[in-house]
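Visitor: I would like a close look at a single part of this model, the strand pairing at its centre of interest, and then at whatever packs around that part. Please take it step by step and keep the parts connected.

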Amino acid sequence: MLLQIPPSTFLKELREQIPLVHCITNYVAMDIAANVLLAVGASPAMVHAEEEAGEFAKLAGAITINIGTLSSGWLRGMEAAAIAATQSGKPWVLDPVAHYATAFRRDATELLLKLGPTIIRGNASEIIALAGGAFRGKGVDTGDDVEHAKHSARLLADRHGAVVAVTGAVDFITDGKRAFRIEGGSVLMPRVTALGCSLTCLVGAFAAVRPGAPLEATVAAVATFAVAGELAADKSEGPGSFSWRFLDALGAIDGPCLDHRARVTAA
């Protein structure tokens with residue numbers, strides 16, 4: 001079971017198209033998420049106001065929705081953007097950050113799931129909880145291994161007709177029929193705030209390139225993230241130097257390097 005489109009194809013086309021990615025993300029993630037997209041070659045827009053989110057979503061190549069710093073007004077903007085994305089045939093990515101923590105978050109996530117996300121990205125605890133399983137997450141931090149979330153990911157993919165990405169030490173991505181695992185990255189990545197949230201935005205950028213291939217797009221984005229993490233870690237002395245070296249690695253990575261270093265296998 002091989003990828004139908006290699007990651008290098010997505011990276012090349014992303015840099016040619018420079019897709020506009022509408023990111024409704026949290027306060028903590030805005031800076032790093034925008035810089036990640038700029039580094040790889042995409043164009044970020046952080047638009048969340050309910051008065052304009054639906055209208056703006058129609059202009060973008062993809063929409064990403066992250067509930068990290070949720071409020072009622074932001075939720076209305078998220079809902080409008082998701083509806084507009086679906087109506088205009090644009091892929092959109094849901095990042096249900098700590099959705100299990102409060103009733104407000106659970107209700108918001110349930111609402112957004114009903115609007116049909118193209119891709120769902122989360123850590124193992126978030127994905128397990130979303131599928132109704134017993135989880136060990138605490139706040140935004142996972143307490144579960146990706147390996148334990150595979151069954152939940154497949155259930156969610158089948159239930160919602162979406163690609164589901166479980167990210168962690170070894171990533172797992174499935175559309176319910178096919179599945180892939182991706183190795184790589186660095187132990188320093190969880191020590192840089194909101195880096196996982198920025199991955200959600202990167203997935204949106206790759207999905208914008210080929211809206212009809214969300215599974216391959218997600219694999220390409222996650223593989224690019226993992227390879228850039230490895231390249232940055234080779235020269236980093238800690239989280240601080242890793243952060244800026246990671247952006248440099250995203251900007252410098254090319255297709256041959258990506259395909260050579262990406263460790264993607266069927267799962």
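Guide: Two strands are taken to pair if DSSP finds at least two bridges between them, and that criterion underlies the register described here. The model is a predicted one. A pair that meets the criterion is S5 (residues 119-122) with S6 (163-166): the two strands run parallel and are joined by four bridges, and Gly-122 has Val-166 in S6 as its bridge partner. S5 is covered on both of its faces, since Ile-119 and Arg-121 on one side are buried, as are Ile-120 and Gly-122 on the other.

On another side of the pairing, S5 is joined to S4 by two bridges, again with the strands running parallel, and here Val-93 finds its bridge partner in Ile-119 of S5. Between these two strands the chain passes through helix H5 (residues 103-113), and the β-α-β crossover made in this way is right-handed. S4 (residues 92-95) is likewise buried in both directions, with Trp-92 and Leu-94 pointing one way and Val-93 and Asp-95 the other. Moving on from S4, one comes to strand S3 (residues 62-66), which pairs with S4 in the parallel sense over four bridges. Val-93 takes part here too, as the bridge partner of Thr-64. A right-handed β-α-β unit is also found at this point, made by S3, helix H4 (residues 72-87) and S4.

These strands belong to an open sheet of nine strands with mixed pairing, whose order is S2-S1-S3-S4-S5-S6-S7-S8-S9. Its edges are S2 (43-45) and S9 (263-266), each of which pairs on one side only, and neighbouring strands are turned against each other by 20 degrees on average when direction is ignored. An antiparallel pairing within this sheet is that of S7 (residues 171-174) with S8, which extends over four bridges and in which Asp-171 is matched with Ile-182 of S8. Helix H4 packs on the sheet, where it touches S1, S3 and S4, and its direction makes about 150 degrees with that of S3.

From the sheet it is natural to turn to the nonpolar cores. The largest of them has 54 residues, and Leu-202, Phe-206 and Phe-246 are those with the most contacts inside it. S6, the strand with which this account began, supplies at least two residues of this core, and so do strands S1 and S8 and helices H1, H2, H8, H9 and H10. H9 gives the most, with twelve residues. A second, separate core of 38 residues includes Ile-24, Ala-108, Ala-131 and Val-146. In soluble globular proteins, nonpolar side chains tend to be buried together.

Phe-206 leads from this core to the packing of the helices: leaving aside residues up to four places away in sequence, it touches Phe-10, Leu-11, Leu-14, Val-40, Ala-217, Ala-220, Ala-221 and Thr-224. Phe-206 is also part of the contact between H1 and H8, to which Phe-10, Leu-11, Glu-13, Leu-14 and Gln-17 of H1 contribute on one side and Ala-205, Phe-206, Ala-208 and Val-209 of H8 on the other. The axes of these two helices are 9 Å apart and the packing angle is about 85 degrees; angles of 65 to 115 degrees count as roughly perpendicular, and H1 and H8 are therefore roughly perpendicular to each other.

The pair H2 and H10 has another geometry, with axes that come within 7 Å and cross at roughly 30 degrees. Angles under 35 degrees count as roughly parallel, so that H2 and H10 are described as roughly parallel to each other. Phe-246 takes part in this contact, in which Ile-32, Asn-35, Val-36, Ala-39 and Val-40 of H2 meet Phe-246, Leu-247, Leu-250 and Gly-251 of H10.

Two loop residues complete the view. Ile-18, in the loop between H1 and S1, has a phi near 50 degrees, a positive value in a residue other than glycine, and with a relative accessibility of 49% it counts as partly exposed. Ala-194, in the loop between S8 and H8, has a positive phi as well, near 65 degrees, but this residue is buried, its relative accessible area being 14%.

Definitions and conventions:
Residues are numbered from 1 along each chain as its sequence is written. This is a predicted model: local features need pLDDT of at least 70, side-chain atom pairs count only at pLDDT 80 or more; totals for chains, interfaces and linings use all residues. Side-chain values use heavy atoms; hydrogens and water are left out. Buried means under 20% relative accessible area, exposed over 50%, partly exposed in between (1.4 Å probe, protein chains only). A crossover is right-handed if, with the strands pointing away from the viewer, the path from the first strand over the helix to the second runs clockwise. A nonpolar core is a set of buried Ala, Val, Leu, Ile, Met, Phe, Trp, Tyr and Cys residues joined through side-chain atoms within 4.5 Å. Contact means heavy atoms within 4.5 Å. Axes are lines fitted to C-alpha atoms, for helices over the stretch in contact, and angles run from 0 to 180 degrees between N-to-C directions. Angles under 35 degrees count as roughly parallel, over 145 as roughly antiparallel, 65 to 115 as roughly perpendicular and the rest as oblique.
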